[in-house]
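Student: I've just opened this one and could use a guided tour. Can we go through it step by step?

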Amino acid sequence: MKLTARTILITGGSSGIGLELAGQLLARGNEVVVTGRDERALGAATHRFPGLHAIRSDVGEADGIRSLYGTVIARFPALDTLVNNAGIMRIVRLAEDRALEDVTREVDVDLNGPMRMVQQFLPHLRSRPDALIVNVSSGLAFVPFPISPVYSAAKAGLHAYTRCLRVQLDGSGVTVVELAPPLTRTPLFTDEFASHMNGQKGMAVDVLVRRAIAGIEVGRTEIRPGQSNLLKIAGRIAPGFIFAQMSKVGRT
Ligand SMILES: NC(=O)c1ccc[n+]([C@@H]2O[C@H](COP(=O)([O-])OP(=O)(O)OC[C@H]3O[C@@H](n4cnc5c(N)ncnc54)[C@H](OP(=O)(O)O)[C@@H]3O)[C@@H](O)[C@H]2O)c1
């Protein structure tokens, strides 16, 4: 599948992996639309990449997704590619007090968001030839990371959902790809996690995105660059060992 001359919607495209993906896909002659919650970040993205379109939208809100759909289909009826990339990751101490509304925030954005986006956009995508859905999960979909328990649960859920979606859409003309990034140098990683990672630098975001695009173009449906592949293999052949290693991170 060639990633050229497409019309692509990327959720969470104002920063990190989504922004880099937007830049590389624009450079390949695609029409690209990004979303995010922060208007200023979206403005900075369109300033950096002339030709990029931006729409303010919160993937954690069902109403936001309905309204995004109306706007996108009216302005970009040739839409044939959906990249569910928007995500948040937090360090969560489960024994600490938290409002119940806050407990499932990562699930709302990282899992419910993509599932609702697929529900809303699938009829349109099915009407387009050679459509593509890319769900951005994580290497942590394969082995949970105890300092980020809700995120790990959301990404494992997204992995399971994506596998099921691929089976159900087999033969429909819609290709379903999972991109499971490893630790990647973006604001998500650098802000909260860097101090826990014992000097691990993570993959450069431009390298990650080049590998993702190359993987899609050669027909891979589960793309696991670098350590994500190791996590998947270790999670199968030595699950206790790799989980014990992940459990050491952030222990005080
Ligand atoms: N970086 C890593 O090490 C790593 C590893 C594995 C997987 N991933 C996954 O890769 C994806 C991108 O992460 P990143 O590292 O690029 O993070 P990032 O730099 O923090 O970017 C996240 C993007 O998502 C948007 N976003 C967050 N919540 C949103 C919401 N409710 N609705 C719409 N947009 C929202 C953000 O914009 P606003 O805040 O303005 O909304 C931003 O554009 C995520 O799904 C993440 O879980 C990242």
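**Strands, helices and cores**

Tutor: Let's start with a pair of facing residues in this predicted model: Val 134 stands opposite Val 177 in strand 6.

Student: Okay, so in which sense do strand 5 and strand 6 pair?

Tutor: Strand 5 covers residues 131–136, and strand 6 covers 174–179. Six bridges link strand 5 and strand 6, and the sense of the pairing is parallel.

Student: Which helix makes a β-α-β unit with strand 5 and strand 6?

Tutor: The unit is a right-handed one, with strand 5 and strand 6 as its strands. Its helix spans residues 149–168, and that's helix 6.

Student: What stands opposite Leu 179?

Tutor: Strand 6 also runs parallel to strand 7, residues 222–223, with two bridges joining them. Across from Leu 179, in strand 7, you'll find Ile 223.

Student: How many residues of strand 6 are buried?

Tutor: Strand 6 has six residues and is mostly covered. The buried count is five.

Student: Moving on, which residues have the most contacts inside the largest nonpolar core?

Tutor: That core holds 29 residues. Strand 1 (7–10), helix 1 (16–27) and helix 8 (205–217) are among the elements that each supply at least two of them. The residues with the most contacts inside the core are Ile 10, Leu 25, Val 32 and Leu 52.

Student: Leaving aside neighbours within four places in sequence, what is Leu 52 in contact with?

Tutor: Once those neighbours are set aside, six names remain for Leu 52. They are Ala 22, Leu 26, Val 32, Val 34, Ala 45 and Thr 46.

Student: How many residues does the second, separate core have?

Tutor: Met 117, Leu 125, Ala 131 and Leu 169 are included in that second core. Its count is 24 residues.

Student: Why are the buried residues of helix 3 on the same side?

Tutor: The buried residues of helix 3 are Gly 64, Ile 65, Leu 68 and Val 72. They sit on the same side of helix 3 because the arc they cover around the axis is only 95 degrees.

Student: Which exposed residues are on the face of helix 3 turned away from its buried side?

Tutor: The buried residues of helix 3 have cover that includes strand 1, strand 2, strand 3 and helix 5. The face turned away from them carries the exposed residues Asp 63 and Ala 74.

Student: Last one: which residue takes a positive phi just after helix 8?

Tutor: Helix 8 has 13 residues and reaches 18 Å from its first C-alpha to its last. Just past helix 8, the phi is about 95 degrees at Gly 219.

Technical notes: Residues numbered from 1 in each chain as written. Predicted model: local features only at pLDDT ≥ 70, side-chain atom pairs only at ≥ 80, totals over all residues. Heavy atoms only, no water. Core = buried A, V, L, I, M, F, W, Y, C linked by side-chain atoms within 4.5 Å. Buried < 20%, exposed > 50% of the residue type's maximum accessible area, 1.4 Å probe, protein only. Helix = DSSP H or I, 4+ residues; strand = E, 2+ residues; numbered from the N terminus. Contact = heavy atoms within 4.5 Å. Arc of directions from axis to C-beta. Pairing = 2+ DSSP bridges. Right-handed = clockwise from strand over helix to strand, strands pointing away. Expected span 1.5 Å × (residues − 1).
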